[in-house]
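Trainee: Could you take me through one part of this structure in detail? I would like to follow a single strand and what surrounds it.

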Amino acid sequence: MSSGMDPIPDQALTVARSRALLARNWGNVQASLLAFITASAPQFSDAEDLLQEVAVEVAVRFDDYDPSRPFLPWALWIAKIKLAEFYRSRQRREVILMGESMDALAEACVNVQETLSDEQFAIEKCLDRLTDRSREMLNLRYSVGLSCSQIGAQLGMSVGYVRVALSRIRTTLTECAQAVVKPRSA
Amino acid sequence: MREQEALELIDAHLDDDCLTDQQVEELSAWLKENPQHAERAYHRLFLHTFLRRRLQAQRLPILSTRTDLVPQGPVDVAPPTSTELLIPQAPAGLVPARKTYRRRRILLASGIIVAVAVTWLSLMLSSAPPVAMADAYDGFDYPATSIPAPATDARTWPTTGGLNGLAGGTGWAEPWQESGPKVAVIVDHARELNWDPKDMRKFKPLAHSDAKGNVLQSTGLQMRTAMGPRSLTSRKLDLTTFPTSFRDESGLGKDGAVVWFSFLAQSFNSTAEKNRFTYFQVGSREVSGFRLGKVGAAPSGNWTAMGLLTGGQVNLRSSTVPSGEMAFMVTRLEFRPGPEDAAVWINPSLAAEPRLAEATLRLSVPDFRFDRITINANYSTDIDEVRIGQSFRAVAPIK
């Protein structure tokens, strides 16, 4: 009995599977890639634009990807190419971290990839434990997008105080997240 | 270099602080020293990007009163220690059971008192008459502007006249002003004959009705922004129509005020590519403000809202509603100490004030005040029924 549907040609099936594989792989690594890109493109808007460019390049070159090998190192290789292009197009801006430093970070990115979903869960829990003052400073920095000097002006603090306070909030979150992750993974 | 120093340098780098050559060299050397260092650095980078994405999606709630946010005394002396950054949490089992029971009784009693107070307050508020009239309104009840045919030719679009000097409506301190190379005009939809085949506005004039048959009050004709570069149309508000609690010396938006505004809009088509923008703005781009419309930063052309800060766009939120479709947009701006809270509903039900949880767009906007509205356009878009008021009903009256 006919199902009433036309059979899907083999080639179309291959393309559909390839797209599904690309979507799944990209979804797994994009947060890791963004953190890697941010090391060399600290402006969030630049980093997000670069991530988009990496996504396009990954899609264009996806036929070259060998599915028997891990996806993240291949995507990191493309990200490094895009970062180099980014800096070539902005010749006057100083490159802070490139070359061997970025290779070390790329290796670290691959090594810790498996732990990142637990880490996100832990950070989320730790955000709940922050004091109002810490929450407000994080909101101003990351939600509103203010610079340290603008946050200082708004809260009546010096820029130096804001920098130190934000850094300590991040260290506190890191330590808290480690404490949350350890019992979960134990 | 110690780990903490390295992480602080990474923080400084990501907070746009310029590192010296020596700091960059030391940081690079520390990173390459061993894989653990690189992993620690990577975790810090990940924390930054996680916080950015997480807080862009949703701000962290402020749990108690805001008094702890105001620095007391000379704050530079001692930034907070890590133990001061977390809310103290007693380990489970350390609080004696008797004390816990007493605390629960106190909490229960406090809860009852708060519930009674809230009920009393809500009764008091519900008995107060709602402000159901817009403080400022323009339905563009003016004669239609004569536009040389074809109406979609940017080269023949009027460069003078337009809305300049029109002074209808209520709640305004001055007439409309045009300050762009072209002008916005008044169009009579019923009499327009030379529609471009691709113009999505030809179906019917701007209006809004909800699924229950409630119809938005509407008068007059409608305004149309310029084809091509560009019209810049603004009008100053009469701030005295608003209560003193809504304004200070800088304009409308004193902390504690909740200002609503609404308008109908539909663009020639839905794309915003090639810098095709039309937006409604309060506040300023140079200092801070709020913008709602179709914008180049969202090339899909869907209706989009964003904050403005020192020349940049922040917290851009894009809807799924194309700008080529007619839309009734209602915005609620809650002015608070620090950033303001903006909520936008597109085509809401007119029956009652919509819930914040149902807002189409929700974003935090940098602290700002305003005393005028501006409609800036690089693309032809129709706008009508501009209202600013103190309540949803004031800006969404029904027939």
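Mentor: Happy to; here is a walk around one strand of chain B, followed by a look at how chain B meets chain A. Please keep in mind that this is a predicted model.

Let's start with strand E14 of chain B, which spans residues 340–346. Of its 7 residues, 6 are buried, so the strand is largely enclosed by the rest of the structure. Buried here means that 20 or more other C-beta atoms lie within 10 Å of the residue's own.

E14(B) has a strand partner in E13 of chain B, residues 327–334. The two run antiparallel and are joined by 6 bridges. To find your place in this pairing, look for Arg332(B), whose bridge partner in E14(B) is Ala343(B). E13(B) and E14(B) also make a hairpin, with 5 residues between the strands. In that turn you will find Gly338(B), which has a positive phi of about 80 degrees.

E14(B) pairs with strand E15 of chain B, residues 361–365, as well. This pairing is again antiparallel, with 5 bridges. A handy landmark is Val344(B), which has Leu361(B) in E15(B) as its bridge partner.

Now for the meeting of the chains: 55 residues of chain B are in contact with 60 residues of chain A. On the chain B side, helices H1, H2, H3 and H4 and strand E12 each supply at least two residues. The largest share, 17 residues, comes from H3(B). By residue type, that side of chain B divides into 30 nonpolar, 12 polar and 13 charged residues.

Conventions:
Residues numbered from 1 in each chain as written. Chains lettered and ligands numbered in written order. Predicted model: local features only at pLDDT ≥ 70, side-chain atom pairs only at ≥ 80, totals over all residues. Buried ≥ 20, exposed ≤ 12 C-beta atoms within 10 Å, placed from the backbone. Helix = DSSP H or I, 4+ residues; strand = E, 2+ residues; numbered from the N terminus. Pairing = 2+ DSSP bridges. Contact = placed C-beta atoms within 7 Å. Nonpolar A, V, L, I, M, F, W, Y, C, P; charged D, E, K, R; others polar.
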